[in-house]
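Colleague: Before I read this model on my own, I should like to understand how its terms are applied. May I put some questions to you about it?

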Amino acid sequence: MDLGLTAADAEFRREARDWLAAHVPAEPLPSLETAEGFAAHREWERELYTGRWSAVTWPEAYGGRGASLLRWLLFEEEYYAARAPGRVSQNGVSLLAPTLFEHGTQEQLARVLPAMASGATIWAQAWSEPGAGSDLAALRSSAVRTDGGWLLRGHKTWSSRAAFADRAFGLFRSHPGADRPHNGLTYLMFDLAAPGVTVRPIGRLDGKPAFAELFLEDVFVPDADVIGEPGQGWRVAMSTAGNERGLTLRSPGRFTAAAGRLAALWRATADPADTALRDRVADALIGARAYQLAAYAGVARLTEGGTPGAAASLTKVFWSELDIALHETALDLLGPRGELAATATEAPDHGSWADGWIFALAGPVYAGTNEIQRDIIAERLLGLPKGRR
Amino acid sequence: MRFLLDAEQAEFGRTLGRLLAAADVPAAVRAWGTGDSAPGHAVWRRLAGTGVFGLAVPEKHGGAGFLPVELTLSFVELGRYAVPGPAVETAAAAVLLERLGDADGGLAGTWLPAIAAGDAMVSYADLAHGPYALDAATADVTFLVDGDTLRACDGCGPVQPSVDPARRLTRCAGGAVLASGPAVWAAAAQAADTARLLTAAQALGVGRRLLDDTVAYVKQRTQFGVAVGSFQAVKHRLADVLLALEFAEPLVYGAAVEWAGALQADTANHGYGATGAGIGVAMAKVAAGEAAYTAARAALQLHGALGYTDELGLSLWIRRARALRGAWGTPAECRARVLAGPAPAGPQIFHE
């Protein structure tokens with residue numbers, strides 16, 4: 001058991017730090033939840049790709065560096081410490097790509113991944129439906145067999161990034177007579193500009209169109225865009241869900257960097273006699289450090305052949321609640337200035353605390369609510385009996 | 001970097017666990033609380049036979065060499081089985097004496113081999129961290145640090161009962177001065193971090209035990225015709241306990257790794273205080289203390305009135321969880337330490 005880096009890992013970290021220092025935009029990019037910001041972030045993805053930093057763990061053939069998971073953690077620490085822009089490609093890189101590596105064909109990998117790495121194709125996820133959120137197996141949108149492919153029909157919603165993205169991936173009911181709701185689903189990729197797709201942006205809590213609902217009327221998807229076997233979509237999707245809840249969505253670098261900034265804010269602004277606030281700052285540092293060390297241990301376990309499994313549910317609840325606590329503490333530290341929206345010219349720290357708070361509030365809701373995660377933890381990690389939800 | 005226990009370490013923990021499971025520790029705890037230390041001494045001797053105390057003692061004094069990760073995982077097991085006695089204090093005293101070296105009248109040469117062999121039960125108090133010594137009347141010797149002065153106590157006051165009857169607390173009066181000066185102050189700081197870390201490890205073990213026992217209970221206890229463990233409110237409460245424990249554990253082991261490095265750095269005159277290891281230890285103490293306490297509250301609530309009885313063994317761990325929370329650094333002291341800087345070193349960086 002040790003925390004020391006090899007010279008080669010330390011060199012990788014230095015290389016990432018140097019590149020980021022030379023390339024991270026001096027001014028924050030506009031919010032990626034606006035058309036202007038989305039375009040700017042797409043440009044940043046191209047820049048990252050040019051430096052081969054957009055998907056560091058991928059094989060070099062697809063634009064990656066073939067880096068270890070540990071190096072990915074190190075890269076992410078440097079990335080957030082450098083205050084580099086948010087990743088507009090995250091749905092693709094963190095959710096779709098791992099699924100393709102596990103279930104995709106060689107042709108799909110070669111076609112989809114390089115365009116994803118360069119930012120040429122930005123992906124949205126299309127899982128939820130008006131009647132199927134936490135109970136994802138209740139989804140009703142369908143894929144109907146047709147010559148050479150499938151016709152998608154139905155209504156998807158809360159589709160992150162879909163307001164401006166190029167393509168989407170999601171689950172559809174393809175075999176309606178299946179014995180259980182989890183069976184007879186198919187995992188597909190489709191074009192958001194295809195005939196029959198209507199995208200209606202939905203404003204999030206702060207009004208920005210962070211997600212959208214999708215209306216699908218006989219949208220054609222060729223067989224080449226089915227991931228895994230038709231009818232086996234649930235199994236394919238669950239590997240993506242593990243990725244979504246686990247490490248790849250929220251790397252510890254994000255929280256260690258934010259906790260470090262919070263501590264700096266406390267030192268600069270706080271009344272040392274306010275021990276209640278001090279304790280919350282300390283708890284944010286402790287939580288970020290715990291998450292970071294748990295990630296190192298998790299990476300070691302994965303590297304030695306383990307799978308995230310239900311442990312991803314622990315991770316998801318922990319980071320989502322840490323994220324909110326951390327940002328709420330910062331806003332409380334800022335006092336009256338804490339209410340300024342990110343767009344206010346006088347918003348502290350370019351509005352990043354306010355923006356971060358809005359973003360964090362979604363954490364316990366998406367990627368499977370924390371209530372569902374706690375059920376999974378209790379049933380699969382503690383072995384408690386299943387019961388009514 | 002490989003931040004996981006290796007197979008040998010994990011097996012050592014399992015061996016200790018099996019030994020303690022077979023030793024009827026609860027009976028020893030209850031006897032200890034009434035002043036009968038014989039069964040507790042028997043447990044202590046069995047523990048010593050596995051080499052636990054030698055993990056805090058360098059080879060030249062008969063120990064296994066200083067092995068903080070193994071020491072830490074041992075103390076998780078001590079917590080899991082609620083072992084009574086000044087085990088934390090004995091290990092902390094070993095670090096104190098080893099740091100002071102042989103310059104001060106051969107203290108290290110006298111006591112460290114006895115500690116390593118399990119022949120010496122040592123109590124230790126540092127007035128900077130609390131007025132009471134644990135089990136001073138039972139221990140073979142009680143060391144007392146007051147500022148930069150180290151004494152061997154020659155008398156202690158009446159037992160001040162703890163919320164955990166197996167923790168027998170007394171105020172100790174100063175005896176012969178064994179050493180004084182800045183070296184004592186520096187060694188005491190490292191001993192206090194030792195005690196803090198091992199207290200955190202014990203708390204983690206206490207919390208694990210409380211969770212295990214409670215999970216077993218809610219699976220078999222029925223109400224409304226079903227196991228209470230099938231109720232979502234029960235599941236969510238236990239999920240929160242597991243969350244707290246799972247994220248305290250890497251802090252505890254991470255602190256052990258850093259602390260080992262810091263002690264080595266100090267030997268090389270880099271300065272223990274500059275390494276940030278004390279911050280990692282403080283983080284571990286806060287997280288493990290909170291996790292154990294969360295586990296205790298949940299265990300009591302989910303056992304219902306049965307959990308509120310002294311007869312059920314659960315009470316040993318519930319009371320221990322409360323006692324360990326304040327020992328060797330209250331949550332408030334540890335949180336203040338976290339913000340006192342510097343941040344932990346190593347591959348992990350808190351950028352500011």
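Modeller: Please do; this is a predicted model. Let us begin with the second largest pocket, which is lined by 42 residues, with A:A84, A:P85, A:G86, A:S352 and A:D355 nearest its centre. Its volume is about 1300 Å³.

Colleague: Which helix gives the most to the lining of the second largest pocket?

Modeller: That is α7(A), which contributes 5 residues. In chain A, α7 (252-269), α9 (311-333) and α10 (352-361) each supply at least two residues of this lining.

Colleague: How do the residues of that lining divide into nonpolar, polar and charged?

Modeller: There are 18 nonpolar, 11 polar and 13 charged residues in the lining. Of the residues named above, A:A84 and A:P85 count as nonpolar because Ala and Pro belong to that class, whereas A:D355 counts as charged because Asp does.

Colleague: Let us turn to the aromatic rings. How many aromatic pairs does a search of the whole structure find?

Modeller: The search finds 25 such pairs over all chains. One of them joins A:F169 and A:Y187, with 6.4 Å from centre to centre and 5 degrees between the planes.

Colleague: Why is the pair of A:F169 and A:Y187 called stacked?

Modeller: Two cut-offs decide the matter: ring centres must lie within 6.5 Å to pair, and planes under 30 degrees apart count as stacked. The values for A:F169 and A:Y187 are 6.4 Å and 5 degrees, so the pair is stacked.

Colleague: What makes this a link between distant parts of the chain?

Modeller: A:F169 lies in strand β4 (residues 167-173) of chain A and A:Y187 in strand β5 (residues 185-191) of chain A, 18 residues apart. A:F169 counts as buried because its relative accessibility is 0%, and A:Y187 counts as buried because its value is also 0%.

Colleague: Why is the pair of A:F172 and A:F190 called edge-to-face?

Modeller: The planes of A:F172 and A:F190 stand 80 degrees apart, with 5.8 Å from centre to centre. An angle over 60 degrees counts as edge-to-face, so the name applies. This pair links strand β4 of chain A, which holds A:F172, to strand β5 of chain A, which holds A:F190, and the two residues are 18 apart. Both A:F172 and A:F190 are buried.

Colleague: Which residues form one aromatic cluster?

Modeller: They are A:F12, A:W19, A:W44, A:W53, A:F75, A:Y79 and A:Y80.

Colleague: How do you know that A:R261 lies over the face of A:W353?

Modeller: The distance of A:R261 from the ring centre of A:W353 is 4.3 Å. The limit is 6 Å, so the distance condition is met. In chain B, B:R322 lies over the face of B:Y293, at 5.6 Å from the ring centre.

Colleague: How many disulfides does a search of the whole structure find?

Modeller: It finds 0 over all chains. For B:C156, the nearest cysteine sulfur is that of B:C172, 4.8 Å away. A disulfide requires sulfur atoms within 2.5 Å, so B:C156 is in none.

Colleague: Is B:C156 buried, exposed or partly exposed, and what makes it so?

Modeller: Buried means under 20% and exposed over 50%, so B:C156, with a relative accessible area of 37%, is partly exposed. B:C334, by contrast, has 0% and is therefore buried.

Colleague: What makes the phi of A:R52 worth a remark?

Modeller: Most residues other than glycine have a negative phi. A:R52 is not a glycine, yet its phi is positive, at about 55 degrees. A:R52 is found in the loop between α2 (35-50) and α3 (69-81) of chain A, and counts as partly exposed because its relative accessibility is 35%.

Colleague: What is the phi of A:D218?

Modeller: It is near 50 degrees, again a positive value in a residue other than glycine. A:D218 lies in strand β7 (residues 211-222) of chain A and is partly exposed, with a relative accessible area of 39%.

Colleague: Finally, why is B:A187 called buried?

Modeller: B:A187 has a relative accessible area of 3%, which is under 20%, so it is buried. B:A187 lies in helix α7 (residues 182-220) of chain B.

Definitions and conventions
Residues are numbered from 1 along each chain as its sequence is written. Chains are lettered from A and ligands numbered from 1 in the order in which they are written. This is a predicted model: local features need pLDDT of at least 70, side-chain atom pairs count only at pLDDT 80 or more; totals for chains, interfaces and linings use all residues. Side-chain values use heavy atoms; hydrogens and water are left out. Rings of Phe, Tyr and Trp (its six-membered ring) pair if their centres lie within 6.5 Å; planes under 30 degrees apart count as stacked, over 60 as edge-to-face and the rest as tilted. Helices (H or I, at least four residues) and strands (E, at least two) are DSSP runs, numbered from the N terminus. Buried means under 20% relative accessible area, exposed over 50%, partly exposed in between (1.4 Å probe, protein chains only). A charge sits over a ring if NZ of Lys or CZ of Arg is within 6 Å of the ring centre and within 35 degrees of the ring normal. On a 1 Å grid over the protein atoms alone, a cavity is a set of points where a 1.4 Å probe fits but cannot get out, and a pocket is an open set with protein on both sides within 12 Å along at least five of seven lines; lining residues have an atom within 4 Å of a point. Grid points are joined across faces, edges and corners, and a volume is the space filled by probe spheres set on the points.
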